[in-house]
Amino acid sequence: MSILIKLVPSKYSIYLITNYAIWVAVTLLTPFVIADFQQISWNRLQEPMIGGGILYLGAVSTAGAFILWNKGIQMMDCATSGLFFFFQLLVGTFLGWLILHEPLTIWFWIGSLFIFASVLLITLKRK
């Protein structure tokens, strides 16, 4: 998907591209989950914490991140943008620590070191 974004002419809005991608995903994935609809407690979805959480996950965490990622792909070459893919793991874990008070283990720091070292090595090699 990220590589295909580079093929879309820049005259098309990133919002339009993201909108199409979301609707294609909803259309293609709905048949697989329709059987599970009967298990959903629709009354619980009206609770502010649950409904708000789903709205946040859909609008901010998914659509917002998708828009920013696609814009970044349009602005730089695929090889460079691929380096930033692994920072999603670091940001997600950091936010889990900050907001949810999840522990950061030694494996997080070792993995972070590998991610930063690989980005540094590739960046220095290109210069």
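Thr18 is buried in this predicted model, at 2% relative accessibility (buried means under 20% relative accessible area, exposed over 50% and partly exposed in between, with a 1.4 Å probe and protein chains only). Its place is in helix H2, which covers residues 14-33. Helices here are DSSP runs of H or I with at least four residues, numbered from the N terminus. Leaving aside neighbours within four places in sequence, Thr18 is in contact with Ala63, Phe66, Ile67 and Asn70, where contact means heavy atoms within 4.5 Å. Ala25 lies in H2 too, but at 34% relative accessibility Ala25 counts as partly exposed. The C-alpha atoms of Ala25 and Ile115 are separated by 30 Å, with their positions 90 residues apart along the chain.

A few words on how the numbers were made. Residues are numbered from 1 along each chain as its sequence is written, and side-chain values use heavy atoms, with hydrogens and water left out. As this is a predicted model, local features need pLDDT of at least 70 and side-chain atom pairs count only at pLDDT 80 or more, while totals for chains, interfaces and linings use all residues.

Next comes helix H5, residues 87-100. H5 has 14 residues and reaches 19 Å from its first C-alpha to its last, close to the 20 Å expected at 1.5 Å a residue (the expected span is 1.5 Å times one less than the number of residues). Phe87, Leu90 and Gly96 are buried in this helix. Right after H5 comes His101, whose phi is positive, near 60°. Most residues other than glycine have a negative phi. His101 is not a glycine, yet its phi is positive all the same. This residue sits in the loop between H5 and H6, and at 65% relative accessibility His101 counts as exposed.

Now for the rings. A pair of aromatic rings is described by the distance of the centres and the angle of the planes. Rings of Phe, Tyr and Trp (its six-membered ring) pair if their centres lie within 6.5 Å; planes under 30 degrees apart count as stacked, over 60 as edge-to-face and the rest as tilted. Searching the whole structure turns up 4 aromatic pairs. One of them is Phe94 with Trp97, a tilted pair at 5.5 Å centre to centre and 35° between the planes. Both residues lie in H5, 3 residues apart, which is about one turn of the helix. An α-helix has 3.6 residues a turn, so residues three or four places apart point the same way. Phe94 is partly exposed, with a relative accessible area of 40%, and Trp97 also counts as partly exposed, at 38%. The rings of Phe108 and Trp109 have centres 4.9 Å apart and planes at 75°, so this pair is edge-to-face.

Phe108 lies in helix H6 and counts as buried, at 14% relative accessibility. Not counting residues up to four places away in sequence, Phe108 touches Leu90 and Thr93. The C-alpha atoms of Phe108 and Thr93 are 8.1 Å apart, although 15 residues separate the two along the chain. Phe108 also belongs to the largest nonpolar core, whose 6 residues are Leu83, Phe87, Leu90, Phe108, Ile115 and Val119. A nonpolar core is a set of buried Ala, Val, Leu, Ile, Met, Phe, Trp, Tyr and Cys residues joined through side-chain atoms within 4.5 Å. H5 and H6 (106-126) each supply at least two residues of this core, and H6 gives the most, with 3 residues.

Finally, the largest pocket has a volume of about 550 Å³. On a 1 Å grid over the protein atoms alone, a pocket is an open set of points where a 1.4 Å probe fits, with protein on both sides within 12 Å along at least five of seven lines; lining residues have an atom within 4 Å of a point. Grid points are joined across faces, edges and corners, and the volume is the space filled by probe spheres set on the points. Of the 19 lining residues, Ser61, Ala65, Gln88, Val91 and Leu95 are the closest to the centre of this pocket. H3 (48-75), H4 (78-84) and H5 are the elements that give two or more residues to its lining.
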